[in-house]
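Open the model in your viewer and keep the sequence beside it. This tour goes from the whole chain to one strand and its neighbours.

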Amino acid sequence: MKNLPLDSQLFVKNRARFVAKMQPQSIAIINSNDELPTNGDALYKFKQNSDLYWMTGIDQEETMLVLFPDNPDPKYREVLVLVRPNELKEKWDGHRLRKDEAFAISGITTVVWLDSLDAMLQQWINDASNIYLNSNENNRKSNLVPVKDYRYAQEMKLRYPLHNYLRAAVIFKELRAVKTAEEVKVIQQAVDITEKAFRRLLKFIKPGVWEHEIHAEILHEFLRNRSAGEAYGSIIASGDRARTLHYISNNEECKDGELILMDFGAEYGGYNADLTRTIPVNGKFTDRQRQVYNACLHLHNYAKGILRPGITIAKYHEIVGEEAGKEFVKLGLLTEADIKNQDPESPAYRKYLYHGISHHLGVDVHDLGPSFHKPIPEGAVMTVEPGIYIEEEKMGVRIENNVWLTAGGNVDLFKNIPITAEEIEALMK
């Protein structure tokens, strides 16, 4: 990773939180992700398993974490497993972690090599009654590829069929939704890098620039500030392309009189930022653009005002949706009759706002959290991102910040990033 070293206590604390949720006489085994082939002899850029990273900070392939709090030998109650460094492989692919380096990152004292694990693991499992294994239980998951977690689970059940198997994902979903102060500090660094990129764009954008040129400015600012790169594929959508929620072609010219919607965020230290701003290409909102923008900003601030620990995402969306309907009447997009006669299962506002308002954010951009009908916990980091998309006017506006939900109120991590139409126009002059 390109970031400066993180405090290993971040990962020490996360492991302690996980262990506190484990049943007695249990062992947990968490695997790294696969290295995946593209074509020929090439591989996709390695992306670590988010749960393993959350507990160790280790961003290296062929890594494992074994937690056995009731191990009779205290030395092996917490074990990090690494691939043994190979001189020839390092000549081609670069340095692999040594034990002391892994300890500095993770805070784990006992580090063993992968090729020596099997004999030790068999003894530990024989001393345990339960085995926690991991799987991807993100509610948005759609990929059916048999990844390492699932292959490993099958292998373990064949080797140890009489043990009781438990789902580590249940614990991760609960714990990762609640960010510690140490985690928020790293997210704030990703946010601050994202702010630098946005301020740079306000000076760069003008009629005639191309979306890919804007994208290049973002990448340059990210990398020069030690970001690992984009948290997700940046959306640089000028004009009517802003109505395509996941537009990533970024290959068209930005024209005078258009708005440009930019949804991007930096990754830093394994944690992510997620910003959206919509600005005028020529630096000046038209009267109608300002009217729509201010309506979206009103919804943004309204949503931030009701997003609190204890509310469910389902109820939150319902309340914000009602307010959106009122704003769309003011904009002339809907009538009072449209609202009165709407289908409760498909509210009228959905014609112009057809996505959710918030999602959890952290090690994953769409981070783990409780289901839509369970209360949002104190400590969650959430996006707030209402949008207004008007096909008839070939216009799309979205405004997004990231907030940390605390007992004392929301902490807007993007509070220093320009957001009002007036601020944006002043900085684009």
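Here are the stops, in order.

This is a predicted model: local features need pLDDT of at least 70, side-chain atom pairs count only at pLDDT 80 or more, and totals for chains, interfaces and linings use all residues. Residues are numbered from 1 along each chain as its sequence is written, and side-chain values use heavy atoms, without hydrogens and water.

**Whole chain.** Select the protein chain and show C-alpha atoms. They fill a box of roughly 70 × 50 × 40 Å along the principal axes. Switch to cartoon: there are 13 helices and 17 strands. Both are DSSP runs, numbered from the N terminus (helices H or I, at least four residues; strands E, at least two).

**Surface and interior.** Turn on the surface. About 19800 Å² is exposed, and carbon and sulfur atoms supply 52% of it. The areas come from the Shrake-Rupley method with a 1.4 Å probe. Of the 429 residues, 52% count as buried, meaning under 20% relative accessible area (1.4 Å probe, protein chains only).

**Strand S3.** Select residues 78-82. This is S3, mostly covered, with 4 of its 5 residues buried.

**One neighbour, S2.** Add residues 64-67, strand S2. S2 and S3 pair in the antiparallel sense over 4 bridges; pairing requires that DSSP finds at least two bridges between two strands. Pick Met64: its bridge partner in S3 is Val81.

**Another neighbour, S4.** Now add residues 110-113, strand S4. S3 and S4 run parallel, joined by 4 bridges. Which residue of S4 stands opposite Val79? Select Thr110 to see that partner.

Definitions and conventions:
Buried < 20%, exposed > 50% of the residue type's maximum accessible area, 1.4 Å probe, protein only.
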